[in-house]
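Trainee: I've just opened this one and don't know where to begin. Could you walk me through it?

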Amino acid sequence: MAGDKHLTRLRDLYAHHTRTDKLSERVKHTLVRTLYTQPASLAIGAINGIASTFIAAWAANLNVLYGGCVILTVIAIARLAAAIRLSPDEGKTSTRTLEVIYEVGAFSYAFVLGLIAALTLLTQAGVAIEVLMVTNAACYGVGICARNAGRPQIAMGQLFLTCLPIMAASLWIGTLPFIALFFTMLLLFPAMMSITFNVFKVLRDSISAAETSAELAEKMQRLARTDVVTGLANRAGLNHAMVETMAAVNEDTRIAVIWIDLDRFKEVNDLLGHPVGDRVLIEVSRRLREVTPEGSTIARFGGDEFIVCCPIVDRKHSEKIASEIHAEIMRPIRIEGDRLEVRASLGVALLPEDGTDADALIQNADQALYHAKIGGRSQTRFFDQSMTRDLVRRREIEGELRAAIQRDELSIFFQPIVDLQTGKIRTFEALVRWFHPEKGELRPDEFIPVAEESGVIVTLGNWITAQAARACAKWPEDVTIAVNLSPLQIKAPGAALGILSALRDANLDPSRLELEVTESLFVEDNHATASFIEDLSNEGVRFALDDFGTGYSSLAYINTFPFKKIKVDRSFVSGPNVGQKSDAIIRAVAEMGSRLGMDIVAEGLETIEQVQAVREAGCNLGQGYYFSRAVPDYLAAMLLAQERATLEQQRRIA
Ligand code: C2E
Ligand code: CA
Ligand code: CA
């Protein structure tokens with residue numbers, strides 16, 4: 001659809017530029033300019049004419065020729081002065097005026113020169129003098145015709161005016177040689193006319209072709225810098241604009257680079273389709289244009305990212321702009337009666353404090369955006385130097401992660417998931433830990449995203465599953481193991497086979513493995529995901545939907561995929577958002593779960609009050625520090641042994 005529009009635009013452009021039937025004003029201007037180029041040739045012609053006339057006057061001792069000499073000199077000086085004063089490049093004088101001024105000078109000079117030649121004939125000034133002046137006039141007429149072919153009527157007019165008096169004089173004298181001279185000159189007209197017009201056409205066509213291709217090239221370049229969907233600048237357009245902006249920077253200039261990322265835009269695209277996605281992008285661009293100050297560059301980058309580069313007064317001003325942008329994007333968007341809520345994360349970097357060149361500013365805005373996203377999304381973050389340290393740390397982690405697996409610096413800890421009615425441990429969730437020799441204990445939140453970015457997650461994930469399965473194989477048969485899977489791991493080729501072979505190696509029944517996945521997995525409709533879940537479900541492996549309530553919370557996924565368990569995110573149990581609303585959500589999810597025969601786990605239980613609340617709301621399982629933190633395998637085994645002993649004791653007492 002957008003491609004069609006693009007084509008139509010190109011076609012119009014082409015049609016417009018192939019219309020060369022009428023001389024465009026610019027082509028005409030260029031041609032008139034050729035009249036004024038090389039005034040030296042004009043001067044040489046004039047000096048020659050004047051000198052010859054003077055010699056003729058002196059040789060023939062004719063006053064009328066002296067008079068002609070004076071008139072020629074006056075005209076020549078006036079023309080030279082005009083040529084120097086009216087430089088056509090400055091564009092102050094209109095094309096028409098330039099042309100008329102030239103015409104008056106040229107015609108009068110030509111006519112006077114022709115008259116002088118005619119006079120030498122009529123006065124019978126002498127053969128040599130007549131030859132000199134007739135040749136002079138004829139050569140001038142022919143030569144000027146070629147020189148001024150850019151304006152053919154001037155060229156032909158000049159030829160006509162130089163020849164006319166000589167031809168008239170020839171007829172007047174009437175002898176045979178002069179009649180022959182008359183016809184010779186007469187023949188000059190058709191000959192010179194055809195030559196002049198040919199030269200003119202070639203000149204005109206090549207000038208207008210050059211103009212057309214220059215304009216086309218400019219338009220193409222503009223299109224190449226424009227995003228087709230939104231009409232904003234694209235990456236190339238932003239680069240171009242930034243280069244221009246940075247070139248004009250002085251010490252008073254202050255600029256904000258604001259990098260905007262729409263949160264979960266992929267979900268809009270996948271659930272509602274690309275046409276709706278496009279309309280959201282168009283609406284967002286419209287709003288961005290509205291709230292950004294004049295002189296801003298707004299660009300759209302791959303998919304759902306935008307960059308605004310705007311002039312600002314001070315930091316406060318940039319904060320105001322960023323918060324206006326944020327508010328505008330969050331305002332619900334109406335599309336065909338549907339109300340859509342879009343959220344965005346913003347990262348901001350300022351010139352000069354956060355960078356003095358375009359690359360540094362963009363990179364630092366990206367850093368700030370990254371922190372806005374990991375800080376929980378829908379936030380605005382301004383760049384600060386600690387973010388660079390974070391980046392360095394991330395790079396270090398990336399470099400060391402592969403080696404860490406081999407060096408045995410990683411281990412798996414286990415956190416129990418407990419039956420809220422009986423207090424019995426039903427499952428252990430495997431949580432990876434990295435004990436770094438220098439950096440100390442690293443949190444998975446810090447290195448799992450790095451592992452995902454760098455692709456190490458596949459190796460790491462396989463290793464975690466293998467370790468977890470091995471530990472679980474040592475526990476009583478009714479205790480299961482839950483392993484977190486990253487979407488990237490699942491999309492890797494042979495993912496299901498890898499998991500089944502880990503189970504076989506550990507000699508663990510597939511029904512004792514539970515895989516925890518998050519909604520982000522389903523955001524992209526992916527055949528690999530569906531068949532991964534199906535293959536493993538058929539083998540008896542179970543699936544749990546993790547962090548429920550933090551994402552799109554679409555019940556569609558629960559219906560489509562065979563989940564046995566829903567884990568309600570800990571933000572519903574503790575934190576600022578807990579209240580009546582979260583309680584109602586837990587109740588609704590729990591009710592749905594029990595109807596569908598699913599387990600509902602409340603995550604992050606830290607106090608007895610929380611345990612009571614979620615149990616009352618209908619959750620049947622719980623996990624959190626109230627029961628136990630994640631512990632090493634030997635402690636997990638000990639917890640299980642203790643539990644058995646207590647149960648045994650209770651049974652004996654009973
Ligand atoms: P998650 O899957 O939601 O795991 C639960 C996290 O909540 C764990 O953090 C756990 O230690 C923490 N937690 C448990 N009970 C409480 C509580 O009562 N209060 C509080 N404040 N926190 C509690 P952890 O181990 O730092 O893991 C963080 C996240 O890292 C996990 O979130 C999971 O998404 C990811 N992760 C951890 N291990 C793995 C792994 O082996 N593979 C993959 N792909 N991701 C992992
Ligand atoms: Ca989990
Ligand atoms: Ca979770």
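Mentor: Sure, let's go from the overall fold down to single residues, and keep in mind that this is a predicted model.

Trainee: Okay, what is the chain built from, and how many helices and strands are there?
Mentor: Both kinds of element turn up here. The count is 24 helices and 16 strands.

Trainee: Is the chain spread out or compact, and what radius of gyration tells us that?
Mentor: The globule rule gives 26 Å for 654 residues, and the chain's value is well over that, so the chain is more spread out than a compact globule. The box filled by its C-alpha atoms along the principal axes goes with that topic: roughly 155 × 50 × 50 Å. The radius of gyration itself is 44 Å.

Trainee: What share of the residues is buried?
Mentor: Buried here means a relative accessible area under 20%. The accessible surface of the chain comes to about 33,200 Å², and 57% of it belongs to carbon and sulfur atoms. Of the 654 residues, the buried share is 46%.

Trainee: And the charges: how far apart are the centres of the positive and negative sets?
Mentor: There are 67 positive side chains and 79 negative ones in the chain. Take the centre of each set, and the distance between the two is 4 Å.

Trainee: Let's look at rings. Which kind of aromatic pair do Phe54 and Tyr66 form?
Mentor: The structure holds 13 aromatic pairs, and Phe54 with Tyr66 is one of them. Their centres are 5.9 Å apart and the planes meet at 65 degrees. Planes over 60 degrees apart count as edge-to-face, so this pair is edge-to-face.

Trainee: Which helices does that pair tie together?
Mentor: Phe54 and Tyr66 are twelve residues apart in sequence, and each lies in its own helix, so the pair ties those parts together. Phe54 is partly exposed at 44% relative accessibility, and Tyr66 is partly exposed too, at 26%. The helices are H3 (residues 39-60) for Phe54 and H4 (residues 63-85) for Tyr66.

Trainee: What about Trp434 and Phe447: are they buried or exposed?
Mentor: Their ring centres lie 5.4 Å apart with the planes at 85 degrees, so this pair is edge-to-face. Trp434 sits in strand S9 (residues 425-436) and Phe447 in helix H15 (residues 444-454), so the pair ties together parts 13 residues apart in sequence. As for cover, both Trp434 and Phe447 are buried.

Trainee: Which residues form a cluster through ring pairs?
Mentor: This one involves three rings linked by pairing. They are Phe414, Phe428 and Trp475.

Trainee: Now a charged residue. Is Glu99 buried or exposed?
Mentor: Glu99 lies in helix H5 (residues 95-122). Leaving out residues up to four places away in sequence, Glu99 touches Lys28, Val32, Arg151, Gln153 and Ile154. Its relative accessibility is 1%, and the cut-off is under 20%, so Glu99 counts as buried.

Trainee: Where is Arg254, and which residues around Pro352 does Arg254 contact?
Mentor: Arg254 is in the loop between helix H9 (235-247) and strand S1 (255-263). At 22% relative accessibility, Arg254 counts as partly exposed. Beyond its neighbours within four places in sequence, Arg254's contacts include Leu351, Pro352 and Glu353.

Trainee: What kind of peptide bond joins Leu351 and Pro352?
Mentor: Pro352 falls in the loop between strand S6 (343-351) and helix H13 (358-374). Omega for the bond joining Leu351 and Pro352 is about 5 degrees, and the bond is cis.

Trainee: What is phi at Glu336?
Mentor: Glu336 lies in the loop between strand S4 (333-335) and strand S5 (338-340), and Glu336 is exposed at 68% relative accessibility. Its phi is positive, in a residue other than glycine, with a value near 45 degrees.

Trainee: Last one: what is phi at Asp408?
Mentor: Asp408 is in the loop between helix H14 (385-406) and strand S8 (410-419). Asp408 is exposed, with a relative accessible area of 61%. Although Asp408 is not a glycine, its phi is positive, at about 65 degrees.

Definitions and conventions. Residues are numbered from 1 along each chain as its sequence is written. Chains are lettered from A and ligands numbered from 1 in the order in which they are written. This is a predicted model: local features need pLDDT of at least 70, side-chain atom pairs count only at pLDDT 80 or more; totals for chains, interfaces and linings use all residues. Side-chain values use heavy atoms; hydrogens and water are left out. Helices (H or I, at least four residues) and strands (E, at least two) are DSSP runs, numbered from the N terminus. The radius of gyration is taken over C-alpha atoms; the globule rule is 2.2 Å times the number of residues to the power 0.38. Buried means under 20% relative accessible area, exposed over 50%, partly exposed in between (1.4 Å probe, protein chains only). Accessible areas come from the Shrake-Rupley method with a 1.4 Å probe; for residues, only the protein chains shown count as cover. Lys and Arg count as positive and Asp and Glu as negative; His and the chain ends are not counted. The place of a charge is taken as NZ of Lys, CZ of Arg, CG of Asp or CD of Glu. Rings of Phe, Tyr and Trp (its six-membered ring) pair if their centres lie within 6.5 Å; planes under 30 degrees apart count as stacked, over 60 as edge-to-face and the rest as tilted. Contact means heavy atoms within 4.5 Å.
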